[in-house]
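Colleague: I have not looked at this one before. Can you walk me through it?

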Amino acid sequence: MSQQNKILETLAVVGVGLIGGSLAGALKSSGAVERIVGFGRNPENLQTALDRGFVDSVTTDLAEAVSGADLVLLATPVGTLVDLFSQVGAYLKPGAILTDAGSVKGHVVDSARVTLGSHFAQFVAAHPIAGRERSGAAAADIELFRNHWVVLTPSVETNARAIETVQQMWECVGAKVRLMDTVTHDRILGMTSHLPHAVAYALVAQLDALEGIEDYSSMTAGGFLDITRVASSDPVMWRDIFIHNADITADLIADHQAVLKRLEELVRNKNADELEAWFESAKKLRSELKSAKNHSK
């Protein structure tokens with residue numbers, strides 16, 4: 001391992017699933033970390049991470065995982081993550097950096113400020129905007145974060161060196177890093193990620209409530225499967241995201257209902273001109289969004 005590439009001696013990954021496992025494996029591959037310890041409650045999943053070479057050792061003892069780490073990553077569902085702050089804070093060594101990978105930032109940072117005490121200055125809130133429907137170490141991919149954004153939402157109290165180290169860690173695995181305040185992050189991700197999941201779950205629930213579900217299932221169009229793809233995501237993770245970003249997500253759902261109501265009126269009135277203009281405008285914006293995303297890679 002090149003000393004020039006190394007940014008950390010010991011990393012503890014709490015939650016070696018899709019995100020935690022992918023980051024651990026990518027960091028091992030890059031040579032940026034000397035030793036990675038994986039913590040979890042599922043011995044089979046931990047063994048998978050060990051067998052794939054993503055971690056050097058595994059444990060179900062949180063103190064053992066955290067106490068010797070220079071940086072601790074909390075890569076669990078948001079509800080679990082918030083509950084872990086007090087436990088992890090008790091085991092952190094002086095100067096150790098703590099970061100997370102949660103999809104909600106406002107509630108996470110507020111909880112960390114209350115719970116972590118003197119360790120709060122070493123907490124760098126983060127959100128890698130990358131994922132898949134599958135979960136666990138078996139689904140991890142060392143290329144998962146390449147050319148994807150990772151948003152850091154540090155507070156005014158956050159240590160500058162801690163921010164720099166977390167940024168370097170993500171850049172080592174090919175991610176692009178952007179700093180943002182928590183409110184902006186939660187509003188943007190509420191619209192671009194949380195609301196689409198709500199719509200996907202709602203569409204599947206609407207289908208499930210229909211009579212003759214067997215006929216619908218056998219003739220499900222590709223468009224329905226495309227739109228509802230994200231409804232295959234981890235239910236616990238998305239339960240926690242909705243709960244911990246509840247106000248923003250609920251407001252966006254209400255806004256979406258108003259948009260659907262307007263669309264319903266156009267359809268009922270058979271307003272061909274306005275429908276075509278609506279669809280043309282949506283098509284144009286969708287193409288611009290896709291082009292902007294491709295150009296940012």
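Colleague: Which residues does His 119 touch, leaving out those up to four places away in sequence?

Modeller: With those left out, His 119 touches Gly 89, Leu 92 and Lys 93. Keep in mind that this is a predicted model.

Colleague: What does the side chain of His 119 reach at 3.2 Å?

Modeller: The backbone oxygen of Gly 89 is what the side chain of His 119 reaches at that distance, 3.2 Å.

Colleague: And where does His 119 sit?

Modeller: His 119 lies in the loop between helix H5 (106-115) and E6.

Colleague: Does His 119 count as buried or exposed?

Modeller: Buried, because its relative accessibility is 18% and the cut-off for buried is under 20%.

Colleague: Which residues of H5 are buried?

Modeller: In H5, Gly 106, Val 108, Val 109, Ser 111 and Ala 112 are buried. The buried residues of H5 pack against helix H4 (78-91), E5, E6 and helix H7 (182-208).

Colleague: What about Gly 117, just after H5?

Modeller: Gly 117 has a positive phi there, about 60°.

Colleague: Now the sheet. In what order do the six strands come?

Modeller: The order is E3-E2-E1-E4-E5-E6, in an open sheet with parallel pairing.

Colleague: Which strands stand at the edges?

Modeller: Strand E3 (57-59) and strand E6 (123-124) do. Each has a single partner strand, so one side of each has no neighbour in the sheet.

Colleague: How many bridges does E6 make with E5?

Modeller: Strand E5 (residues 97-100) and E6 pair over two bridges, in the parallel sense. Thr 99 has Val 124 in E6 as its bridge partner.

Colleague: Which helices pack on the sheet?

Modeller: Helix H2 (residues 43-51) is one of them, touching strand E2 (33-39) and E3. The direction of H2 makes about 170° with that of E3. Helix H6 (residues 160-172) also packs on the sheet and touches strand E1 (8-14), strand E4 (71-74), E5 and E6. The direction of H6 makes about 50° with that of E5.

Colleague: How many of the seven residues of E1 are buried?

Modeller: Six of the seven, so to speak of E1 as mostly covered is fair. E1 pairs with E2 in the parallel sense over six bridges, and Leu 8 stands opposite Val 33 in E2.

Colleague: What holds paired strands together in general?

Modeller: Strands of a sheet pair through backbone hydrogen bonds, in a parallel or an antiparallel way.

Colleague: Different spot. Where is Thr 228 found?

Modeller: Thr 228 is in the loop between helix H9 (222-227) and helix H10 (235-244). At 7% relative accessibility, Thr 228 counts as buried. Not counting residues up to four places away in sequence, Thr 228 touches Ala 200, Leu 203 and Val 204.

Colleague: Last, the chain as a whole. How many helices and strands are there?

Modeller: The chain has twelve helices and nine strands. Of its 297 residues, 42% count as buried.

Colleague: What radius of gyration does the chain have?

Modeller: The chain has 21 Å, which agrees with the value near 19 Å for a compact globule of 297 residues. Along the principal axes, the C-alpha atoms fill a box of roughly 65 × 40 × 35 Å.

Colleague: And how much area does the chain expose?

Modeller: About 15,500 Å², with carbon and sulfur atoms supplying 53% of it.

How values were computed. Residues are numbered from 1 along each chain as its sequence is written. This is a predicted model: local features need pLDDT of at least 70, side-chain atom pairs count only at pLDDT 80 or more; totals for chains, interfaces and linings use all residues. Side-chain values use heavy atoms; hydrogens and water are left out. Helices (H or I, at least four residues) and strands (E, at least two) are DSSP runs, numbered from the N terminus. Buried means under 20% relative accessible area, exposed over 50%, partly exposed in between (1.4 Å probe, protein chains only). Contact means heavy atoms within 4.5 Å. Two strands pair if DSSP finds at least two bridges between them. Axes are lines fitted to C-alpha atoms, for helices over the stretch in contact, and angles run from 0 to 180 degrees between N-to-C directions. The radius of gyration is taken over C-alpha atoms; the globule rule is 2.2 Å times the number of residues to the power 0.38. Accessible areas come from the Shrake-Rupley method with a 1.4 Å probe; for residues, only the protein chains shown count as cover. A polar contact is a pair of N or O atoms within 3.5 Å; within protein, one must be able to donate a hydrogen and the other to accept it, and residues adjacent in sequence count only if both atoms are side-chain atoms.
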